[in-house]
There are 2 protein chains.
Amino acid sequence: MVGGGQLARMSHQAAIALGQSLRVLAASPGDPAALVCADVHLGNPDDLDALRDLARGAEAVTFDHEGVPGELLRTLQAEGVAVHPRPDALLHAQDKLVMRRALEGFAGTPEYVEVADAADVDGLAARTGWPVVLKAARGGYDGRGVWLLDGPDPGLVAQLLASGTPLMAEQAVTMRRELAVQVARSPDGQAAAWPVVETVQRDGQCVEVLAPAPDLDPATAAAAQELALRIASVLDVTGLLAVELFDTDGTAGGLVVNELAMRPHNSGHWTIEGARTSQFEQHLRAVLDYPLGATESTAPVVVMANVLGAASPVVMPVDERVHHLFARFPDVKIHLYGKAERPARKVGHVTALGDDLDEVRARAVLAAEWLSTAVWADGWSPYDADARATRFPRTMQRRAVSRA
Amino acid sequence: MVGGGQLARMSHQAAIALGQSLRVLAASPGDPAALVCADVHLGNPDDLDALRDLARGAEAVTFDHEGVPGELLRTLQAEGVAVHPRPDALLHAQDKLVMRRALEGFAGTPEYVEVADAADVDGLAARTGWPVVLKAARGGYDGRGVWLLDGPDPGLVAQLLASGTPLMAEQAVTMRRELAVQVARSPDGQAAAWPVVETVQRDGQCVEVLAPAPDLDPATAAAAQELALRIASVLDVTGLLAVELFDTDGTAGGLVVNELAMRPHNSGHWTIEGARTSQFEQHLRAVLDYPLGATESTAPVVVMANVLGAASPVVMPVDERVHHLFARFPDVKIHLYGKAERPARKVGHVTALGDDLDEVRARAVLAAEWLSTAVWADGWSPYDADARATRFPRTMQRRAVSRA
């Protein structure tokens with residue numbers, strides 16, 4: 001696996017059960033996967049020799065991020081290495097403009113333009129109105145490389161273009177919520193989809209995943225799964241594909257594709273405990289050309305919440321926070337990535353399972369906040385029962401219905 | 001963790017989620033855990049310097065087998081190392097005679113004697129009748145170190161004693177079936193029990209675990225859990241304790257202790273998918289003095305079946321067997337240990353979950369056989385539908401009610 005982050009770390013856990021051991025190409029010995037894998041190569045994903053070393057003797061080469069130059073992967077392929085997803089497919093997860101063009105005609109897509117100068121942005125806005133979403137066509141993630149423009153900003157556009165950032169602009173889609181659907185596809189074309197989930201974002205970053213997506217009508221859920229399976233087939237994806245969707249009006253026709261990822265994805269962490277086959281096991285099964293596993297949920301409601309690095313100075317060591325969390329919620333499962341804390345950095349996640357969405361969600365969110373930091377900058381503390389009751393009332397409010 | 005076997009391998013998987021990495025003391029770089037762990041020490045568990053190196057900087061030292069001399073562990077303890085289970089507790093899992101003496105008075109125990117010569121065996125038989133079970137008091141496992149004597153055998157006794165094997169003899173208990181109950185206990189005394197399971201043996205080795213134990217009345221189940229919790233408390237166990245029980249008459253009063261193990265145990269592999277907290281995570285939580293996790297089952301019926309090394313020449317590579325298994329049973333979970341195959345050697349296990357015991361059990365057993373070998377010496381093949389129907393009828397016969 002190219003990359004030594006938390007996705008590689010959790011893939012290694014899954015590989016062990018399959019009788020395999022994951023070799024990772026990590027940037028540093030302190031990377032999450034490098035800390036726990038037996039076979040660690042240190043190197044850069046844009047170094048052909050490092051990729052060749054990684055591939056030597058391996059069954060297949062796959063990825064925990066998109067930052068691998070396609071031309072190097074094509075060279076590996078030409079040398080007989082099984083690369084999954086194949087570089088021609090992976091390109092659609094690396095370049096948003098290529099993705100938009102490929103999906104035209106069969107998937108709901110916002111209006112978009114390639115941006116060669118500021119006039120292209122203004123031209124799009126003349127058709128769709130402001131705001132407009134400006135995006136780096138390559139290299140963005142977790143809200144980075146995305147700018148919401150309320151009006152013309154020729155200075156920003158010029159500055160980004162001058163720094164070599166390939167740009168595109170999209171209509172800002174008005175939506176009810178964000179959904180995600182994951183599918184796996186094997187080299188011989190077998191495919192399987194997990195239940196559609198709702199992803200909850202804060203500051204452009206996924207913070208919660210609700211599985212299955214609450215109040216999603218069966219026809220829309222089926223349409224989302226069929227769309228993801230079709231994209232996987234048309235793009236000839238091997239391994240995992242996550243399709244991030246905007247749910248604009250709550251109907252099957254109102255689904256708009258936001259992003260694609262071709263690897264295990266944050267929106268699928270819930271599957272470790274919440275589905276019969278986890279996304280990590282499934283990715284390996286697909287990449288190794290094994291038949292795919294069952295994707296049924298193991299509980300009526302599963303909620304995953306990300307543990308983010310503390311926004312304020314942390315007064316309690318992580319080990320003590322784990323202690324308190326385990327004492328309070330004996331059934332919540334934690335996954336810590338071995339990463340140093342930085343504000344808003346994903347350093348772990350928690351998963352709660354149960355029957356009642358409000359109850360399970362409150363538990364997961366509280367557990368994640370608990371683990372994220374003991375005392376918040378605003379003085380709120382999860383150790384204060386009154387504060388807890390205020391922040392997590394029995395019936396949680398669903399978040400605002402409309403968002404630009 | 002002292003030992004690099006499959007128990008350490010699966011403990012490492014659990015450690016990763018907790019943000020930890022397991023350092024193992026393995027005998028060989030090809031050991032199951034050494035193949036997948038980042039931090040592997042090669043050495044022997046009876047080498048004090050190797051144990052000291054292992055302990056340096058670690059939070060705690062624990063074990064995947066009992067073969068560690070107690071005096072070395074006491075030295076580590078005196079040097080300030082947190083050893084769990086503590087050597088005074090572990091002794092009861094290392095020496096069956098010490099265990100029998102400690103449990104007298106509060107746990108059902110067969111009649112037993114220490115064997116200094118063959119007359120001791122015959123003396124026991126004069127009270128209990130033949131057969132009598134002769135056991136190595138130390139060092140036996142998986143049916144090794146156990147001999148069922150139908151009558152006097154002074155030659156065998158003399159030979160074993162001459163070779164330095166410490167011996168004891170026990171009444172051969174007539175029983176309906178074997179049960180096991182696992183509990184975890186933390187250094188500060190918190191304890192938790194999983195549901196009681198039935199273990200199915202073949203040739204003295206566990207081949208299946210049925211969770212929960214079928215048709216076990218609630219009072220007997222509660223009595224078994226209370227017995228295990230009491231043993232853990234009386235012996236001051238830290239970490240996991242597995243209590244293997246003979247169910248002699250199906251009542252709470254008919255439970256007889258067979259063996260103890262103080263580590264993750266084959267009877268608890270089902271907990272990886274089948275319980276909210278796996279035995280591996282729980283063992284680490286106890287050893288690290290974290291609060292313990294919930295032990296509820298995740299399905300009404302869970303069956304674990306061991307994958308044993310092929311008894312006959314194997315005609316199909318394991319990779320291909322996995323392929324066929326996944327194609328047939330997309331929901332069965334496999335765990336392969338990375339071990340070379342030898343006849344009857346435990347090289348992996350499978351777990352199936354569901355609602356109906358007969359159906360789940362047939363699936364697990366078939367999957368394990370499938371993975372064990374493609375074609376059996378007697379010509380039976382899991383690929384033959386008629387043969388499958390014969391071996392696994394819809395309603396499986398429970399095994400014979402009485403066994404010596």
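## The nonpolar cores

The largest nonpolar core has 216 residues, and Leu241(A), Ala364(A), Ala367(A), Leu241(B), Ala364(B) and Ala367(B) are the ones that touch the most other members. A nonpolar core here is a set of buried Ala, Val, Leu, Ile, Met, Phe, Trp, Tyr and Cys residues joined through C-beta atoms within 7 Å. A residue is buried if 20 or more other C-beta atoms lie within 10 Å of its own, exposed if 12 or fewer, and partly exposed in between, with C-beta atoms placed from the backbone. Leaving aside residues up to four places away in sequence, Ala364(A) touches Val303(A), Met304(A), Ala305(A), Val332(A), Val350(A), Thr351(A) and Ala352(A). A second, separate core of 14 residues includes Tyr112(B), Leu134(B), Val157(B) and Met168(B). In soluble globular proteins, nonpolar side chains tend to be buried together.

The model you are looking at is predicted: local features need pLDDT of at least 70, side-chain atom pairs count only at pLDDT 80 or more, and totals for chains, interfaces and linings use all residues. Residues are numbered from 1 along each chain as its sequence is written, while chains are lettered from A and ligands numbered from 1 in the order in which they are written.

## Two copies and their contact

Now for the pair of chains. A turn of 180° and a shift of 0.0 Å along the axis lay chain B on chain A with an RMSD of 0.0 Å, by a least-squares superposition on the C-alpha atoms of residues with pLDDT of at least 70 in both. The two copies are therefore related as by a two-fold rotation axis. Ala38(B) is the residue of chain B that comes closest to this axis, with its C-alpha at 2.1 Å.

Chain B and chain A each give 30 residues to the contact, where two residues are in contact if their C-beta atoms, placed from the backbone, lie within 7 Å. On the side of chain B that touches chain A, helix H1 (6-17), helix H11 (318-328) and strand S14 (333-336) are the elements that give two or more residues. Helices (H or I, at least four residues) and strands (E, at least two) are DSSP runs, numbered from the N terminus. That side of chain B divides into 17 nonpolar, nine polar and four charged residues. Because 100% of the interface residues of chain B are also interface residues in chain A, the copies meet through the same surface.

## A four-stranded sheet in chain A

Four strands of chain A form an open antiparallel sheet in the order S3-S6-S4-S5. Its edge strands are S3 (112-115) and S5, each pairing on one side only. Two strands pair if DSSP finds at least two bridges between them.

Strand S4 (residues 132-136) of chain A is largely enclosed by the rest of the structure, because four of its five residues are buried. S4(A) pairs over four bridges with S5 (residues 146-149) of chain A and over five bridges with S6 (residues 167-171) of chain A. Val132(A) has Leu149(A) as its bridge partner in S5(A) and Gln171(A) in S6(A).

## A buried lysine in chain B

Lys96(B) sits in helix H5 (residues 96-103) of chain B. Lys96(B) counts as buried because it has 25 C-beta neighbours inside 10 Å. Not counting residues up to four places away in sequence, Lys96(B) touches Lys135(B), Ala137(B) and Met168(B).

Technical notes:
Nonpolar A, V, L, I, M, F, W, Y, C, P; charged D, E, K, R; others polar.
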